[in-house]
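Grab a pencil and work through the exercises below. Try each task yourself before you read the solution.

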Amino acid sequence: MAPPGQMAVFPSRNRLLIGSWLTSVRTRFDMTLLLILLLPILFLPAPLVLRHAPRAAVVSALLAPAIIFYLLLQLLPAVLAGQVLLFHYDWIPALGLAVSLRLDALAALFALLISGIGISVIFYAHHYFAGKPDAPRFFAMILGFMMAMLGIVLSENLLFMLVFWEMTSLISFLLIGFYGQKQISRRGARLSLFITGGGGLALLAAILLMGSIVGSFQLSDILAERALLQQHSVFPWILGLFLVGVFTKSAQFPFHLWLPHAMSAPTPVSAYLHSATMVKAGIFLMMRLYPVFSGAEVWFYWVVAIGFMTLLVGSFVAIFMHDMKGLLAYSTISHLGLITLLLGYGSEAALTVAVFHLINHALFKAPLFMMAGSIDKAAGTRDLRQINGLAWHYPWLAVLSFIPTAAMAGLPYLNGYFSKKLFIVESFQSTDSGWLAVLIPALAILGAAFSVGYAIRLFHNTFFNGKPRDIPNWPLPAISGWVYLPLACFAALCLWIGFWPEVLLHQLVQPVVQAAQGNVALTTDFSPYDLAILQQHPWLTTISMLTFAGGLAVYSARKALFAWHAALPTVDAKDIFESRMQWLIARSQQGVHLVENGSLQRYVIYLVLTALVFTSWPLWQLQQWRGELALMPVDAMSAGALILLMVMAISVAVLHRQRLIALLFTGATGLLITVGFARFSAPDLALTQFSVEVMAIFIMMLALSFLPQSSPQEKVRYRAKRDAVVATVAGIGVAVLSFAVMTRPQQSISDYFLANSVPGGGGSNVVNVILVDFRGFDTLGEIAVLAIAALAVFALTRNLRLKGHSPSAEHIDAWHGYAQPYPLILRTLARPLLPMALLVSAYIFLRGHNLPGGGFIAGLITAAALSLQYVACGIRWAQVRMLTQFRPLIGAGLLIAGLTGLGSLLFDHPFLTSWFSYFELPVIGKFELATALLFDLGVYATVVGSTMLILANMGRLMTIHGPGKEIG
Amino acid sequence: MEVLVALMLGVLTTCGVYLVLRPRTFSVVLGLTMLSHAVNLFLFSMGRLHSNAPAVIGAAQQHADPLPQALVLTAIVISFAMTAFVVVLALRSALELRNDHVDGVDKEEEPI
């Protein structure tokens with residue numbers, strides 16, 4: 001396997017175009033492929049839009065498959081002649097994922113089946129859903145499914161294919177649960193999603209393994225690396241995972257269980273997804289990757305064994321199904337087993353038969369489902385014990401159903417005849433000597449006999465076998481004549497292939513087989529499969545008679561068999577699955593409740609502990625905590641301030657239950673941090689911290705007035721001790737970590753900023769230049785966060801109901817008791833303070849580019865000065881005089897900052913590139929103009945607006961007059 | 001000096017974590033304030049400690065690392081906004097739920 005580092009680069013496109021087994025002569029790029037893939041999705045909304053006009057809806061739904069079918073027929077001659085059509089577009093090259101399509105004979109066959117049967121199913125569904133509102137929803141889903149299915153067969157990139165593979169599982173889930181109000185539908189849908197979805201994961205693993213070995217997810221690259229893959233040590237894993245993936249999809253034993261339970265879907269779904277197309281996706285993929293896997297011994301044993309098992313189980317169980325659709329489902333399982341088995345043989349002849357039978361099965365199984373669906377709809381039941389003797393009620397249905405049933409049983413001059421006989425002949429030829437040589441043909445004959453048995457049962461039981469019994473809809477209503485149209489088409493095709501099998505074999509099947517084998521060149525010596533083999537085989541007639549006799553015998557003995565079957569204990573896979581699922585859900589809920597019990601305290605401690613574990617581990621591995629940098633000498637002032645800060649912080653923690661005192665200590669802590677910033681050469685930070693601290697304490701004071709003034713004693717005593725231990729450990733960790741970093745030399749990228757601040761940004765205050773220029777985009781994001789927080793505060797306080805908290809008369813009296821609401825001295829001082837403060841903030845703002853200051857700090861100073869007016873003179877007084885609304889101010893700020901950035905785009909510079917120049921002004925002297933200043937103005941406006949919005953709206957909650965209209 | 005600063009960071013973190021783990025919203029708000037102080041100072045200390053070396057070209061011979069300072073400057077403003085938001089959230093939940101327990105439920109307490 002390639003080392004992980006190499007996995008990121010997949011030279012997909014080059015390898016596809018230059019070196020591979022495809023030469024440029026036989027490949028052609030064709031946009032039509034993309035059109036074919038996208039057509040269903042383009043038409044998907046149409047039936048939904050036209051849901052009130054059923055006819056228009058069905059016509060719009062029919063258009064997509066009809067156009068696809070037509071396009072495919074146009075491309076078919078070239079494809080059958082061996083040409084490979086390609087379409088390529090790199091989607092995520094780093095992952096090797098590409099929108100890469102490929103149409104060769106194999107893909108074309110499947111695409112024809114998908115679109116052709118799609119047409120008949122949509123047509124049939126129109127009559128099936130007649131009089132019900134379900135049809136448009138169904139059409140939309142079927143079109144979505146059609147695209148997914150076409151995506152599987154047309155993909156050239158295996159990862160791209162997997163996307164569609166999963167999509168079919170999902171849409172199948174939705175369609176099985178089409179009648180979601182029925183429990184049986186929901187359970188069947190869940191079971192199928194569980195099995196097919198699980199298989200999809202296995203397939204993903206197989207594809208990733210293959211891609212990592214080959215170095216590309218392109219099909220042509222993978223197909224070319226047969227030897228590399230088969231000799232690789234993980235090949236058995238790839239094969240195993242791949243087989244799990246395809247077997248779940250194609251309902252192979254023991255994953256077949258979901259298919260019978262999928263029969264609760266509407267019958268058109270069963271006809272389309274669960275017999276003709278989706279269950280064949282697994283078969284398709286086996287054929288697609290046939291060149292990689294076939295010939296490996298493991299492949300032969302597993303695929304043949306599982307296929308045989310599926311064939312036998314399916315055909316045997318089918319006989320006992322009283323439900324018509326159940327019978328057909330098990331019959332489908334057995335036919336899928338047959339095709340799988342043939343693919344396992346690994347010979348070209350077996351592959352030919354497999355492809356041939358795949359076409360035949362699609363052609364005779366779809367009409368049988370339609371027949372079952374029509375009877376179900378007419379009679380209100382599809383129980384074969386009730387449905388008897390319908391030949392006298394629906395003679396045409398009987399005639400048209402006879403042909404596909406007989407084809408299924410393998411009667412002469414019908415398409416099923418040849419595939420079944422060819423299969424038996426193959427099973428004689430494909431085995432070596434030994435006990436397998438006897439066992440395989442014997443089992444093949446047994447399986448064939450069973451399938452004759454259930455075919456006879458289906459037909460005889462439905463149309464003859466006495467009279468109908470306990471039919472819910474009695475007398476039986478007529479079946480719309482239109483339903484017979486698709487049935488007749490399928491019957492005609494069955495007959496046509498039955499009479500002239502050579503045409504199909506030579507014209508379509510052989511190119512498909514060659515495409516599947518990877519030899520596109522028709523010039524290689526490929527011997528056309530010779531049907532004469534059937535005549536030459538010595539025992540064939542005898543075997544034919546034997547299977548029919550066996551089938552008849554099984555059917556005649558049905559009463560005894562049913563009695564035996566009824567005596568067996570019933571095992572319902574769905575119920576077992578459900579009870580397992582319930583158990584699993586209950587266990588995981590218990591698990592979740594252990595961790596997540598709704599207590600925030602618990603979550604926080606989990607968070608802290610996780611952080612501790614993840615940081616202390618690497619910290620522990622440090623050789624020594626102290627680095628090599630010399631320590632800075634301690635001076636008494638700084639040491640005193642730092643120790644005082646620690647005392648304050650500890651006091652907050654200790655006294656936190658006396659809230660006002662704790663808050664005051666918090667404020668003191670913040671102010672001491674300001675001193676710290678100033679001491680350690682960060683004047684901008686000191687200014688910012690100082691103005692923020694004032695505001696923050698102010699807000700918390702406001703909030704505290706509505707909250708209890710002290711916290712109650714905690715009930716769980718040990719918890720405080722535990723938390724103290726955890727917090728101490730966290731503190732020690734942070735202390736050690738920061739000490740370790742601070743004492744180690746630094747490699748900073750800041751030299752660039754320091755060097756370029758003046759020449760590039762036009763400012764000597766590097767911190768400010770970083771904010772408004774170098775990292776201006778970050779700042780834009782940060783003021784946006786500030787604005788959002790302010791708006792959130794606004795929204796939260798907007799409809800805040802102070803239950804019993806609007807100041808009552810006694811409250812106001814108490815207030816008046818110890819203080820004037822608006823003290824005179826403060827009022828007098830605040831007013832002249834405002835213009836001075838504004839002047840200071842203007843100064844701080846303007847000098848910010850070159851000296852400590854800037855938009856953030858100026859904004860905070862302005863906000864502090866403005867809020868002082870609110871405090872000193874009351875909210876009403878201030879609001880009347882406040883000319884600016886805060887929310888528009890925030891918006892304007894963001895807009896100025898954003899537009900300044902966009903402005904640089906006009907001059908062909910990247911977003912937020914600043915421009916500056918120096919001017920000579922009379923009197924003032926040299927003067928700098930910079931766009932960064934404009935950006936800083938946006939920052940300033942946003943900061944002022946946000947801070948004021950927060951403060952004013954919190955403040956208004958506690959006015960004497962009660963919370964009035966929101967501010968800002 | 002580095003020892004003292006590291007110690008102070010440790011103390012701030014300890015107090016912050018301890019308060020965040022308390023069951024009352026107001027303590028949590030105080031704890032978050034403490035923690036954001038700790039985080040800001042921690043980020044700041046990543047630029048190492050410098051005396052008399054502001055990152056202003058021409059104001060000193062040496063310059064402290066301006067990048068952590070710029071980061072912390074916005075972080076201070078944002079943590080202020082977040083504090084305001086958490087305060088209002090705490091206030092609102094206390095008034096709506098009639099108790100100020102962080103889990104929103106406090107059966108044994110009397111509603112405030």
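Two strands count as paired if DSSP finds at least two bridges between them; helices (H or I, at least four residues) and strands (E, at least two) are DSSP runs, numbered from the N terminus. This is a predicted model, where local features need pLDDT of at least 70, side-chain atom pairs count only at pLDDT 80 or more, and totals for chains, interfaces and linings use all residues. Residues are numbered from 1 along each chain as its sequence is written, chains are lettered from A and ligands numbered from 1 in the order in which they are written, and side-chain values use heavy atoms, with hydrogens and water left out.

**Exercise 1. Work out the strand order of the open three-stranded sheet in chain A, and say which strands stand at its edges.**

Step 1. Start with β1(A) and β2(A), residues 84-92: they run parallel and are joined by three bridges. Phe29(A), for instance, has Leu86(A) in β2(A) as its bridge partner.

Step 2. Now take β2(A) and β3(A), which pair antiparallel over seven bridges. Here His88(A) sits opposite Ser100(A) of β3(A). The hairpin made by these two strands has four residues between them, and in it Gly96(A) takes a positive phi near 75 degrees.

Step 3. Put it together: the order is β1-β2-β3, with mixed pairing. β1 (27-29) and β3 (97-103) of chain A each have a single partner strand, so one side of each lacks a neighbour in the sheet.

**Exercise 2. Find how helix α7 of chain A is placed against the sheet strands.**

Step 1. Fix the rules: contact means heavy atoms within 4.5 Å. Axes are lines fitted to C-alpha atoms (for helices over the stretch in contact), with angles from 0 to 180 degrees between N-to-C directions.

Step 2. Helix α7 (residues 158-176) lies across β2 and β3 of chain A, at about 85 degrees to β3(A).

**Exercise 3. Describe the interface of chain A and chain B.**

Step 1. Count residues: chain A puts 112 into the contact and chain B puts in 81.

Step 2. Get the area. Buried area is the accessible area (1.4 Å probe) that two parts lose on being put together, summed over both. That comes to about 8,800 Å² here, with 77% given by carbon and sulfur atoms.

Step 3. Look for salt bridges (a side-chain nitrogen of Lys or Arg within 4 Å of a carboxyl oxygen of Asp or Glu). The rule finds three across this interface. One of them joins Glu714(A) to Arg22(B), with the closest N and O atoms 2.5 Å apart.

Step 4. Finish with helix α32 (residues 717-742) of chain A, which gives the largest share of chain A's side of the contact, 15 residues.
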